[in-house]
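Open the model in your viewer and keep the selection panel at hand. The tour goes from a helix contact to two pockets.

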Amino acid sequence: MLFDFKQDEHGRIGALERLEILDSSEEKPFEKIVTLVEQVLQVPICAVSLVDRDRQWFKARRGLGVCETARDISFCTHAIQSTEPYIVRDALQNPLFAHNPLVTGEPHIRSYAGVPLQTSEGYVVGTLCAIDTKAREFPPQEIEILKNFTKVVVDELELRKIASTDVLSGALSRRAWMEKAKAEVKRSIRYDRPLSLMIMDIDHFKSVNDTYGHAAGDVVIKKLAELAQNSIRETDSFGRYGGEEFVLLLPETSTPDALKLAERIRSSFSSLSVDELEGTRTTISVGLTQLRDRDDKLNEMIERADKALYEGKQSGRNCCITSVVEPEQIDRRIA
């Protein structure tokens with residue numbers, strides 16, 4: 001008996017989350033596709049729509065003033081129930097949609113054509129949809145065009161995932177980590193939850209490369225990445241920020257707990273024996289900070305953590321330093 005992907009909502013959400021695209025910034029490949037759909041199919045509205053647990057979120061859109069809507073009123077939540085195109089020629093004549101607020105109000109959807117975005121795993125994570133504000137047919141040649149554009153969208157989604165991983169360390173690439181971290185900062189602010197960030201830097205890394213060679217330096221980077229990734233939760237975001245520097249974002253984590261983790265990683269790393277270093281031990285310095293208030297931004301958090309890291313380097317390395325956060329700033333965030 002073949003596995004029915006349509007009945008595995010938990011697996012579908014997992015496939016969507018593995019793409020690490022929800023709440024990401026605008027990206028040219030997806031913007032080009034919706035522009036082409038708009039022009040070729042002559043529709044006022046179109047979108048790359050990804051269907052999350054309780055919302056549909058638009059990776060790219062034309063003719064829509066919002067970046068997401070509730071899932072229970074979305075046309076796309078019906079479209080993802082199949083791998084075939086989902087067509088609504090006149091929403092006002094369709095009992096499923098006649099009283100839908102997206103039909104009776106903005107953006108006044110009247111007709112809809114959605115082609116499911118099916119990943120290589122077999123899960124449908126969303127649709128590429130074309131929408132009109134008047135009743136219309138979508139002839140076979142237009143559906144075929146939409147299908148071809150859909151293939152491009154899926155390719156871009158999966159290529160994007162491949163490009164998001166640093167080959168040497170297995171950590172998120174800098175770009176991918178920044179995207180994910182920005183979304184997490186927004187989430188933490190929205191729900192008023194604690195969030196910590198740390199920057200780790202391998203001490204005297206240039207000397208390692210100069211003395212033992214770049215191959216040995218690569219081994220040290222891999223060892224740190226492996227140690228860190230084995231120490232964190234699935235919800236944490238670990239990325240290679242550049243060279244010998246790594247970043248770690250910790251949702252639902254206050255500074256004291258983040259400091260405990262940093263000390264554990266620092267201590268374990270300093271105890272590691274690397275054959276390529278002929279008995280020489282390496283260490284790391286760590287700078288930490290936390291989300292301060294509702295006006296805080298990711299770049300500001302990185303700057304504070306980097307400043308704390310610099311202080312650690314200046315004070316002798318092989319240590320964890322926390323940036324100073326004023327009590328009233330913490331109180332303002334919680335209030």
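Contact here means heavy atoms within 4.5 Å. Bear in mind that this is a predicted model.

**Stop 1: the α6–α10 contact.** Select α6 (174–190) and helix α10 (residues 298–314). Show side chains. On α6, pick Trp 177, Met 178, Ala 181, Lys 182 and Val 185. They meet Leu 298, Asn 299, Met 301 and Ile 302 in α10. By class, this contact has seven nonpolar, one polar and one charged residues. Now look at the two axes. They come within 10 Å and cross at roughly 110°. Angles of 65 to 115 degrees count as roughly perpendicular, so α6 and α10 are roughly perpendicular to each other.

**Stop 2: the largest pocket.** Keep α6 selected. Add α1 (9–18) and β2 (55–62). Each of these three elements supplies at least two residues of the lining of the largest pocket. Next, select Glu 17, Leu 22, Asp 23, Glu 184 and Arg 187, which lie nearest the centre of this pocket. The full lining has 38 residues, and the volume is about 1,300 Å³. Colour the lining by class: 10 residues are nonpolar, five polar and 23 charged.

**Stop 3: the second largest pocket.** Which residues lie nearest the centre of the second largest pocket? Select Glu 20, Leu 172, Lys 180, Gln 229 and Asp 236. This pocket holds about 280 Å³ of space and is lined by 14 residues. Colour these by class too: four are nonpolar, four polar and six charged.

How values were computed. Residues numbered from 1 in each chain as written. Predicted model: local features only at pLDDT ≥ 70, side-chain atom pairs only at ≥ 80, totals over all residues. Heavy atoms only, no water. 1 Å grid on protein atoms, 1.4 Å probe; cavity = no way out; pocket = protein on both sides within 12 Å on 5 of 7 lines; lining within 4 Å. Points joined across faces, edges and corners; volume = space filled by probe spheres on them. Helix = DSSP H or I, 4+ residues; strand = E, 2+ residues; numbered from the N terminus. Nonpolar A, V, L, I, M, F, W, Y, C, P; charged D, E, K, R; others polar. Axes fitted to C-alpha atoms, helices over the stretch in contact; angles between N-to-C directions. Parallel < 35°, antiparallel > 145°, perpendicular 65-115°, else oblique.
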